Amino acid sequence: MGIVMTVPCRSYSALAFDGCPSCVDAALEAVEQAGMYLLGRTAPGLATQTTGPLEMAYRMSVRLFDDTDEELATDEIEAEQAIEAVSDYDELAEAWAETAQDDEESSSSMRLDDFQTVLDRLQLAPAGPRGVSGTIAGRLFGFERSIGRFEIGIAPGL
């Protein structure tokens with residue numbers, strides 16, 4: 001019989017990002033969700049469609065770097081969103097909080113709400129009637145300490 005030793009992620013108990021695979025995955029997912037939120041907020045103003053809900057499809061190429069510019073993780077996702085105008089911002093905030101809570105998974109010791117993003121650059125342009133293209137970039141913090149920076153390349157989806 002062999003002995004299997006596991007080293008638990010220390011991030012949550014130490015309140016620090018330790019760079020383990022599960023914490024890097026949680027950080028990458030937090031950046032992806034922040035990018036999707038920003039697209040949902042900015043895309044309706046860029047779209048040529050003016051009536052009804054806006055159905056968007058796009059590809060996100062996400063890159064996460066540490067403070068020394070070493071690449072921590074990359075991911076490419078295809079996403080679709082149906083965006084409707086919301087007149088009550090309290091209603092929007094409540095819906096966003098419920099979505100973030102529902103999407104939270106227990107596979108990582110760090111939760112999505114342990115991360116904060118600060119935008120440095122938001123460059124989006126219309127790309128057809130249902131899409132946008134451009135770049136979202138900024139800094140990522142975990143437990144109020146800098147983890148590094150992120151870049152999200154946005155391209156129209158299929």
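**A negative surface patch and the chain around it**

Strand 2, spanning residues 71-83, is the main contributor to a patch of negative charge, supplying three residues. The patch lies on the surface and brings together Glu55, Glu76, Glu78 and Glu80. The model described here is a predicted one.

Glu55 belongs to strand 1, which covers residues 54-66. How exposed is Glu55? With a relative accessibility of 40%, Glu55 is classed as partly exposed, because that class takes in values between 20% and 50%.

It helps to place these strands in the chain as a whole. The secondary structure of the protein chain consists of three helices and five strands. Followed along the sequence, these elements come in the order α-α-β-β-α-β-β-β. The protein chain has 158 residues, and 32% of them count as buried.

Two cysteines offer a look at buried positions. Cys20 has a relative accessibility of 17% and is therefore counted as buried, since the cut-off for that class is under 20%. Cys23, at 0% relative accessibility, is likewise buried. As for disulfides, the structure contains zero.

Taken together, the patch glutamate in strand 1 is partly exposed at 40%, whereas Cys20 is buried at 17% and Cys23 is buried at 0%.

Note on methods:
Residues numbered from 1 in each chain as written. Predicted model: local features only at pLDDT ≥ 70, side-chain atom pairs only at ≥ 80, totals over all residues. Heavy atoms only, no water. Patch = residues over 30% accessible without salt bridge, like charges linked within 9 Å, V, L, I, M, F, W, Y side chains within 5 Å. Areas by Shrake-Rupley, 256 points an atom, 1.4 Å probe, with all protein chains shown as cover. Salt bridge = Lys/Arg side-chain N within 4 Å of Asp/Glu carboxyl O. Lys, Arg positive; Asp, Glu negative; His and termini not counted. Charge placed at Lys NZ, Arg CZ, Asp CG, Glu CD. Helix = DSSP H or I, 4+ residues; strand = E, 2+ residues; numbered from the N terminus. Buried < 20%, exposed > 50% of the residue type's maximum accessible area, 1.4 Å probe, protein only. Disulfide = S-S within 2.5 Å.
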